[in-house]
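Here is a short guided look at one protein chain, written for someone who likes to check geometry by eye. Please keep the viewer open as you read.

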Amino acid sequence: NEGNQKVVITYSSRHVYSNLTEEQKGRVAFASNFLAGDASLQIEPLKPSDEGRYSCKVKNSGRYVWSHVILKVLVRPSKPKCELEGELTEGSDVTLQCESASGTKPIMYYWQRLREKEGEDERLPPKSRIDYSNPGRVLLHNLTMSSSGLYQCTAGNEAGKESCVVRVTVRYVQSIGMIAGAVTGMVAGALLIFLLVWLLIRRKDKERYEEEERPNEIREDAEAPKARLVKPSSSSSGSQSSRSGSSSTRSTANSASRSQRTLSTEAAPQPGLATHTYSLVGPEGRGSEPKKVHHATLTKAEPHPA
């Protein structure tokens with residue numbers, strides 16, 4: 001290495017002298033028959049630490065000849081690590097990161113979309129941007145449902161390539177306005193249904209109340225029942241008239257009571273005479289209004305000897 005020169009191996013006076021480090025032992029030696037003039041050096045297996053400037057010095061007959069060679073060791077990139085930063089929701093932005101821990105610089109990074117179905121495009125979405133200051137980063141702007149898929153990052157240099165894969169799954173999320181509108185609509189619909197049910201129940205209750213109150217209505221213009229006098233044809237009819245009279249209104253009963261008292265006073269039966277009995281009839285006999293009763297009218301038979 002520059003600034004740190006060191007003799008690695010020497011052949012002189014028919015002997016081979018080596019000044020190898022622990023890392024070089026078993027890997028560094030003359031490649032062929034140096035006695036025949038071939039001073040080639042073999043390093044196997046090669047490591048990045050073997051990189052540097054090597055000089056071959058040959059002394060013959062008192063003259064020195066120098067030859068130089070520069071060894072550059074190329075190391076293929078290590079397997080990169082793919083990472084995803086951001087929220088995988090529709091309309092948001094997400095960053096894809098890819099980086100190899102080791103490898104000979106410069107390392108080139110290349111992102112592409114893997115085709116999972118027939119007809120899918122291998123190119124990145126139209127609104128994707130590559131960070132040229134860090135080629136391993138790519139920004140997927142304004143995600144859509146079509147942005148979902150499998151993305152591959154390839155890291156490569158002169159020695160080889162390595163790749164990694166990351167899956168992007170975009171989730172659909174409704175906006176706040178749509179959610180608020182849906183909630184408002186649901187609440188309004190529930191209130192409307194509740195109002196309709198309440199009105200229906202109230203209407204049924206009103207109809208039931210009217211049906212129950214209709215038989216109990218009292219007509220103010222109805223004519224009050226009137227009593228009339230009838231002549232009983234038999235004892236059974238008299239008893240029937242008595243029962244009918246008892247169901248009359250209180251005013252009719254009072255009037256009949258007064259009339260009966262008058263009859264009993266004016267038409268008291270004399271001993272040895274036969275008389276006919278009369279009674280008051282209630283609502284069944286709704287004839288003309290009863291007239292005032294006199295004793296002369298009630299006497300219909302002449303007295304006969306006992």
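## A nonpolar patch on the surface

Let's begin on the outside, where L192, F194, L195, L196, W198 and L199 make a nonpolar surface patch of about 640 Å². One of these residues, F194, sits in helix α1, which covers residues 176-213. With a relative accessible area of 61%, F194 is exposed, because exposed means over 50%.

Please bear in mind that this is a predicted model.

## The chain as a whole

Stepping back, the protein chain holds four helices and 15 strands. Of its 306 residues, 22% are buried. The accessible surface comes to about 23,400 Å², and carbon and sulfur atoms account for 53% of that area.

How do the contacts spread along the sequence? If we take contacts between residues at least 6 apart, 55% of them join residues at least 24 apart.

## The hairpin of β1 and β2

Now turn to strand β1 (residues 9-12), which pairs with β2 in the antiparallel sense over four bridges. Within this pairing, S12 of the chain stands opposite H15 in β2. The two strands form a hairpin with two residues between them, and S13 in the turn has a positive phi of about 55°.

Following the chain past β2 (15-18), you come to the loop that leads to β3 (28-30), and Q24 lies in this loop. Is Q24 buried or exposed? Its relative accessible area is 16%, so Q24 counts as buried, the cut-off being under 20%. Leaving aside residues up to four places away in sequence, Q24 touches V8 and N19.

## An open sheet of four strands

Another feature to pick out is an open sheet of four strands in the order β7-β8-β11-β10, with antiparallel pairing. Why do β7 and β10 each have one side without a neighbour in the sheet? Both β7 (81-86) and β10 (128-130) stand at the edges and have a single partner strand each, so one side of each is left without a neighbour. From one strand to the next, the twist averages 20°.

At the β10 edge, three bridges join β10 to β11 (residues 137-140), and these strands run antiparallel. Here I130 stands opposite V138 in β11. When you inspect such strands, a general rule may help: in a regular strand the side chains alternate between the two faces of the sheet.

## Two cis peptide bonds

If you plan to look at backbone torsions, two peptide bonds deserve a visit. A cis peptide bond joins E44 and P45, with omega at about -5°. P45 is found in the loop between β4 (41-43) and β5 (52-60).

The other cis peptide bond links K105 to P106, and omega is about -5° here too. P106 belongs to the loop that runs between β8 (94-99) and β9 (108-114).

## Positive phi in loops

S61 is a residue other than glycine, yet its phi is positive, near 55°. It lies in the loop between β5 and β6 (63-71). S61 counts as exposed, because its relative accessibility is 72%.

N142 is not a glycine either, and it has a positive phi of about 50°. Its place is in the loop between β11 and β12 (149-156). At 30% relative accessibility, N142 counts as partly exposed.

Key: Residues are numbered from 1 along each chain as its sequence is written. This is a predicted model: local features need pLDDT of at least 70, side-chain atom pairs count only at pLDDT 80 or more; totals for chains, interfaces and linings use all residues. Side-chain values use heavy atoms; hydrogens and water are left out. Buried means under 20% relative accessible area, exposed over 50%, partly exposed in between (1.4 Å probe, protein chains only). Contact means heavy atoms within 4.5 Å. Accessible areas come from the Shrake-Rupley method with a 1.4 Å probe; for residues, only the protein chains shown count as cover. Two strands pair if DSSP finds at least two bridges between them. Axes are lines fitted to C-alpha atoms, for helices over the stretch in contact, and angles run from 0 to 180 degrees between N-to-C directions. Patches are made of residues with over 30% relative accessible area and no salt bridge: like charges are joined within 9 Å, nonpolar side chains (Val, Leu, Ile, Met, Phe, Trp, Tyr) within 5 Å. A salt bridge is a side-chain nitrogen of Lys or Arg within 4 Å of a carboxyl oxygen of Asp or Glu.
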